[in-house]
Amino acid sequence: MKLATWNVNSLKVRLQHLLEWLARTQPDVVCLQETKLEDTGFPKREIEAAGYAACFHGQKTYNGVAILSRRGLSQVEPGIHGYADDHKRVLSATVDGVRVVCTYVPNGQAVGTIKYAYKLDWFLAFERWLAEGLAHHPQLAVLGDYNVAPEERDVHNPKRWAGQVLFSEPERAAFRRLLGLGLTDAYRLFPQAERMFTWWDYRLNAFQKNMGLRIDHILLSDALARRCRSCSIDLAPRALERPSDHAPVIAEIADE
DNA sequence: ATGGTAGAAACTCTA
């Protein structure tokens with residue numbers, strides 16, 4: 001089973017990129033973030049014509065998540081149980097016995113702001129809820145835009161980014177607590193090239209200069225990590241005209 | 001040195 005995550009930064013704008021990428025890459029499950037679409041405006045017809053069932057949890061202008069699957073979808077659940085949040089950031093569904101969680105972690109804006117405090121509070125709720133999720137679903141995959149670069153090698157210039165939002169120590173500690181629940185960063189299961197990232201600012205030609213951060217991740221429970229055969233970042237969509245500022249991440253899980 | 005771009009929506013906020 002091929003699992004993928006991609007922050008598309010507006011599904012309306014990126015629909016053609018997505019459809020072409022689905023046809024070329026042939027993933028089984030895709031988690032999308034920043035769809036920026038209300039559910040009534042979701043391009044269900046186009047996605048279904050490409051061979052994918054879809055569930056979605058969106059809102060106007062900001063946030064919005066969706067899960068696409070060509071192996072069916074069941075037990076769809078929006079949000080973090082017990083955590084009231086106006087932002088549509090989490091969606092879960094089961095595909096072939098795998099519990100898939102699609103997440104769009106708050107950006108946090110800047111250290112010390114209200115949005116940063118919300119990010120850390122949100123992480124606490126997410127962590128608590130994932131601990132329960134792991135207890136109920138041994139085969140759990142948590143894919144999305146975490147808005148955290150875990151390590152220095154995940155940042156193009158760790159000195160400049162030290163203490164900044166997306167790389168501050170409290171955010172990295174929150175990310176490590178997720179790993180502490182029994183989740184594994186699929187990307188680090190395998191040898192990877194140096195200076196590989198998933199997000200590059202639109203400004204200052206950041207992508208051309210590879211001034212990026214690795215903030216999009218696929219976390220796998222032990223049972224799934226054992227079956228994981230590869231994990232890679234697909235840089236091609238980021239190089240297209242009018243791209244998302246994020247690249248997709250793909251993990252292959254061996255069928256049982 | 002505090003820019004710069006992109007998206008959505010509506011002359012600003014978020015990333």
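I take buried to mean under 20% relative accessible area. Leucine 166 has 5% relative accessibility, so I enter it as buried. The model I am reading is predicted.

**Entry 1: leucine 166**

I looked up where leucine 166 sits and found it in the loop between helix H4 (158–161) and helix H5 (169–180). Setting aside neighbours within four places in sequence, I listed its contacts as Asn107, Lys119, Asn147, Val148, Ala149, Trp161, Glu171, Trp199 and Leu213. I also checked the pair leucine 166 and histidine 87, which are 79 residues apart in sequence. Their C-alpha atoms are 19 Å apart in space.

**Entry 2: the whole chain**

I counted elements next, and chain A has six helices and 14 strands. Its C-alpha atoms fill a box of roughly 45 × 45 × 40 Å along the principal axes. For 256 residues, a compact globule would have a radius of gyration near 18 Å, and the 17 Å of chain A agrees with that.

I noted that buried residues account for 55% of the 256 residues. The accessible surface is about 11,400 Å², and carbon and sulfur atoms hold 50% of it. I then looked at contacts between residues at least 6 apart in sequence: 69% of them join residues at least 24 apart. For charges I have 32 positive and 31 negative side chains, with the centres of the two sets 3 Å apart.

**Entry 3: helix H3**

I checked the span of helix H3, residues 114–136. Its 23 residues reach 33 Å from first C-alpha to last, close to the 33 Å expected at 1.5 Å a residue. Which residues of H3 are buried? I have Tyr116, Lys119, Trp122, Phe123, Ala125, Phe126, Glu127, Trp129, Leu130, Gly133 and Leu134 on the list. A general point belongs beside it: an α-helix has 3.6 residues a turn, so residues three or four places apart point the same way.

**Entry 4: threonine 103**

Two names from the H3 list came up again when I looked at threonine 103, whose contacts include Trp122 and Phe126. Threonine 103 is in strand S7 (residues 98–104). Its relative accessible area is 0%, so I enter threonine 103 as buried. Beyond four places in sequence, the other contacts of threonine 103 are Gln33, Val65, Arg89, Val90, Val142, Leu143, Gly144, Asp145 and Tyr146.

**Entry 5: alanine 141**

I moved to strand S8 (residues 140–145), which holds alanine 141. Is alanine 141 buried or exposed? It counts as buried because its relative accessibility is 0%. Outside four places in sequence, alanine 141 touches Leu3, Val98, Arg99, Val100, Val101, Leu219, Leu220 and Leu224. I also took the C-alpha separation from alanine 141 to lysine 209, which is 32 Å for 68 residues along the chain.

**Entry 6: serine 69**

I found serine 69 in strand S4 (residues 65–69). At 1% relative accessible area, serine 69 is buried. How far apart in space are serine 69 and aspartate 28, C-alpha to C-alpha? The distance is 5.5 Å, for a pair 41 residues apart in sequence. Asp28 is also among the residues that serine 69 touches, along with Val29, Gly51, Tyr52, Ala53 and Val95, with those up to four places away not counted.

**Entry 7: threonine 35**

Threonine 35 is in the loop between strand S2 (29–33) and helix H2 (44–49). I read 2% relative accessible area, so threonine 35 is buried. With neighbours within four places left aside, its contacts are Val8, Ser10, Leu11, Asn63, Gly64, Val65 and Ala66.

**Entry 8: positive phi**

I closed with backbone angles. Most residues other than glycine have a negative phi. Asparagine 9 has a positive one, near 50°. I placed asparagine 9 in the loop between strand S1 (2–7) and helix H1 (11–25). With a relative accessible area of 13%, asparagine 9 is buried.

Leucine 204 also has a positive phi, near 60°. I located leucine 204 in the loop between strand S10 (199–200) and strand S11 (212–213). Its relative accessible area is 66%, so leucine 204 goes down as exposed.

Conventions
Residues are numbered from 1 along each chain as its sequence is written. Chains are lettered from A and ligands numbered from 1 in the order in which they are written. This is a predicted model: local features need pLDDT of at least 70, side-chain atom pairs count only at pLDDT 80 or more; totals for chains, interfaces and linings use all residues. Side-chain values use heavy atoms; hydrogens and water are left out. Helices (H or I, at least four residues) and strands (E, at least two) are DSSP runs, numbered from the N terminus. The radius of gyration is taken over C-alpha atoms; the globule rule is 2.2 Å times the number of residues to the power 0.38. Buried means under 20% relative accessible area, exposed over 50%, partly exposed in between (1.4 Å probe, protein chains only). Contact means heavy atoms within 4.5 Å. Accessible areas come from the Shrake-Rupley method with a 1.4 Å probe; for residues, only the protein chains shown count as cover. Lys and Arg count as positive and Asp and Glu as negative; His and the chain ends are not counted. The place of a charge is taken as NZ of Lys, CZ of Arg, CG of Asp or CD of Glu. The expected span of a helix is 1.5 Å times one less than its number of residues.
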